[in-house]
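User: I'd like a close look at one helix and what surrounds it. Can you walk me through it in plain bench language?
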Amino acid sequence: MRKLMAIILSVLLVSACFAAIGATAAQAFEVSASSPESVTPGQSYDLVITLDSMPALGSEEHVSAIIFKVGYDKDLVTFDLKQGKEADFTTTLNSGLENIVAVEDDYIDATFMDFSFGDLFAADQTVTFHFTVDESAVSNVVFDVYDVAYAIGTNMTAFIDGVGTGSVSEYVAVTLPEPYAKIDFSTGAAIDLKGKVELTNNGASFSEKEFKHGDNTFSAMAMNVTAAGQNVGGKFKELSTRAEVIAFADTYGFSIEAVYVNYAQSSIQGVVCATQNGGWGIATNGGKPYFLAHDGAWKTAYALEVAPNDELTHVVGVYDPFSKNVRIYINGVLEATTAFANAFFPGDKENFNLFYLGADPDTNGVGNDYKMSNFSLLKANIYASPLSNAQVQEAYD
């Protein structure tokens, strides 16, 4: 019955056009929006609507309904939905209230009703909406609060105007974090410029080569493999126990970036790989890149297509403990996402903090598995965070 009344009331609210009745209360009904001081494209945030003050009423009078709208730019912001136009929100409002909260094209329309006609509304109660800033956003995000009003007692189709205060979140351009490990080949050797990884060359060479990517051709220093078994091994200096590796992965997340060309594609081959009954890695299967991580079982995200064998491919694999998924990006574009549920599970034995460029560790920690045979690696970075879509695009650009 209450649900039916709520639906009927929503129609009446529109037809009533928020008509004011009676004398205005001594204290106004005030509602305000609060959003982050700054926002970045591709990230998600909370918009908090607060009942700042309730009207001063007589002892026998009670607020029985409140309404407000929140305007926003649909080209900049997307709000989370439960289903249809129904908004997904959390609230500290009394659980006994009925509500109709819809996300329209450029505003949220919210109505909350107290059919007990008691004192269920109170100052400082909040309604929190969840929104994501569009990847292409290049301006401040503005939220307007308007059509604020309240009803008294059983006359729930006549409303008294309140006051709404909006908010502005400053647009901040996407910034790519500094890598945790930044592997560089420009000096004719493999060096981690951040000092986090100990690197050992196992027969790979380093030279300037000409590369192609799309319509561009250029020369750059690279690590080169010309025969199976050549690789570079890496060991994390500050992650000296399995527990530290697990804590790092599940506290911060991580992302692996590689720019490479695999001239001799075969079955499984390691690009930047650390898999041995656990771990993580960027690898290829028949030339198709994939990223995998272990949470008690392998969770794998595959690229959509085989990478070319005559030009560079930019690959980013992301382990995201916050969204609980692994992702793979090819040339800046998200191509696959796979969910996981459990804690990160490193490689077994002494492999928990090892990885290889151009191969994968075997059970003894030697780079004898999934070997490249004709391969060039232009870049390899490890980030101590799960890069966002916009950050990956920034890295690719």
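Which residues of helix H2 (residues 242-252) are buried? Please carry on from there into the space and the core around them.

Analyst: A quick word on the ground rules. This is a predicted model, where local features need pLDDT of at least 70, side-chain atom pairs count only at pLDDT 80 or more, and totals for chains, interfaces and linings use all residues. Residues are numbered from 1 along each chain as its sequence is written, and side-chain values use heavy atoms, with hydrogens and water left out.

Now the helix. H2 buries Val 245, Phe 248 and Ala 249. Looking down the axis of H2, these buried residues sit within an arc of 90°, so they line one face of the helix. Residues three or four places apart point the same way in an α-helix, because there are 3.6 residues a turn. Here "buried" is under 20% relative accessible area, "exposed" is over 50%, and "partly exposed" is in between (1.4 Å probe, protein chains only). The arc is taken from the directions running from the helix axis to the C-beta atoms. Helices (H or I, at least four residues) and strands (E, at least two) are DSSP runs, numbered from the N terminus.

So what sits on top of that face? Strands E22 and E27 are among the elements covering the buried residues of H2; a contact is heavy atoms within 4.5 Å. At the end of the helix, Gly 253 comes just after H2 and takes a positive phi of about 75°.

There's some empty space here too. The model has one cavity of 30 Å³ or more, and the largest cavity has a volume of about 140 Å³. Fourteen residues is the size of its lining, and those closest to the centre are Phe 236, Leu 239, Val 245, Phe 248 and Trp 280. Val 245 and Phe 248 you have already met on the buried list of H2. H2 gives the most to the lining of this cavity, three residues, while H2 and E22 each supply at least two. By type, the cavity lining splits into 13 nonpolar residues, one polar and no charged. (Nonpolar covers Ala, Val, Leu, Ile, Met, Phe, Trp, Tyr, Cys and Pro; charged covers Asp, Glu, Lys and Arg; the others, Gly among them, are polar.)

The search runs on a 1 Å grid over the protein atoms alone: a cavity is a set of points where a 1.4 Å probe fits but cannot get out, and a pocket is an open set with protein on both sides within 12 Å along at least five of seven lines, with lining residues having an atom within 4 Å of a point. Grid points are joined across faces, edges and corners, and a volume is the space filled by probe spheres set on the points.

Next, the core. Trp 280, one of the residues closest to the cavity centre, is also among those with the most contacts inside the largest nonpolar core, alongside Met 223, Phe 254, Val 272, Phe 355, Leu 357 and Leu 377. That core has 47 residues, a core being a set of buried Ala, Val, Leu, Ile, Met, Phe, Trp, Tyr and Cys residues joined through side-chain atoms within 4.5 Å. Take Leu 357: leaving out residues up to four places away in sequence, Leu 357 touches Ile 183, Phe 185, Met 223, Asn 231, Val 232, Val 271, Val 272, Leu 377 and Ala 380. A second, separate core of 39 residues includes Leu 47, Val 101, Phe 129 and Ile 160.

Helix H3 (residues 389-396) makes a good companion to H2. H3 buries Ala 390, Gln 391, Val 392 and Ala 395, and these pack against E22 (254-262), E27 (313-320), E28 (325-330) and E31 (375-383). E22 and E27 are thus named for H3 as well as for H2.

H3 also faces the largest pocket, with a volume of about 410 Å³. Its lining has 21 residues, with Gly 42, Gln 43, Asp 320, Pro 386 and Ser 388 nearest the centre. The largest share, three residues, comes from H3, and strand E11 (126-133), E28 and H3 each supply at least two. This pocket lining divides into nine nonpolar, nine polar and three charged residues.
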